[in-house]
Amino acid sequence: MSAQGAGGIGLIWAQARGGVIGAGGTMPWHLPEDLKHFSRTTTGSPVVMGRRTWDSFPARYRPLPGRTNIVITRDDALELPGAVRARSLPEALELAASEAAPGAPTWVIGGGTIYADAIEVAERLVVTEIDLDVDGDTTAPEIPEDFALRSAEPAEGWHVSASGLRYRILTYTR
Ligand code: VY7
């Protein structure tokens, strides 16, 4: 079975300035509009994540509802209630392709280590850019040159969150 589902592989992340995606195991901002966008985009598709990303979700959101949750770990003893275990990214993508509804993409949802490996096989990137300077210890992958910006939401400028943060959603395809 191919590792690429009929809908292909997408990466979805949110980043502050400089590509910061995480700090101390969490995302260092509060942006409810992004959580809605993330949930709406990924629901109905398999989601692939690293073990640290699984750990980062508040317990009441685990597993993410309405999605097959596939978690990559080499620790066979680790309990992953409600999730499917994979021992490598290729194994996770293969499991996801076999789960995905026809035409549904597989979403890789983090974190830094997994994005760095998965971007090679991705055909779509959905990036929430947050206009925020914040310290972090985890960054987004470099976007390879064969990706082109497909859409920006809003088309110009920024959304302003109820919290005051400015953000926009960029989609790239290759
Ligand atoms: C952050 C949460 C953090 C704190 C409280 C709730 C984009 C995100 C991810 C991954 C956001 C997070 C949540 C509420 C909604 C739940 C998921 C948990 C759901 C990503 N653009 N944003 N993420 N969530 N990969 N890309 O880890 O989540 O979806 O049902």
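This report describes the ligand site of a predicted model, then one residue in a strand.

## Basis of the model

The model is predicted: local features need pLDDT of at least 70, side-chain atom pairs count only at pLDDT 80 or more, and totals for chains, interfaces and linings use all residues. Residues are numbered from 1 along each chain as its sequence is written, and side-chain values use heavy atoms, without hydrogens and water.

## The shell around the ligand

The ligand has 16 residues around it (near means a heavy atom within 4 Å). Ile12, Asp34, Phe57, Arg67 and Ile109 come nearest. By class, the shell holds twelve nonpolar, two polar and two charged residues (Asp, Glu, Lys and Arg count as charged; Ala, Val, Leu, Ile, Met, Phe, Trp, Tyr, Cys and Pro as nonpolar; the others, Gly among them, as polar).

Helix H1 (32–42) and strand E1 (9–15) each supply at least two shell residues. H1 gives the most, with four. Helices (H or I, at least four residues) and strands (E, at least two) are DSSP runs, numbered from the N terminus.

## Polar contacts

A polar contact is a pair of N or O atoms within 3.5 Å. The side chain of Asp34 has an N or O atom 2.6 Å from a ligand nitrogen. The side chain of Arg67 has one 2.6 Å from a ligand oxygen. Ile109 uses its backbone: an N or O atom there lies 3.1 Å from a nitrogen of the ligand.

## A residue in strand E7

Val126 is found in strand E7 (residues 124–130). Val126 counts as buried because its relative accessibility is 7% (buried means under 20%, with a 1.4 Å probe and protein chains only). Ala96 is 30 residues away along the chain, and the two C-alpha atoms are separated by 18 Å.

How values were computed. Polar contact = N/O pair within 3.5 Å; in protein donor to acceptor, adjacent residues only side chain to side chain. Buried < 20%, exposed > 50% of the residue type's maximum accessible area, 1.4 Å probe, protein only.
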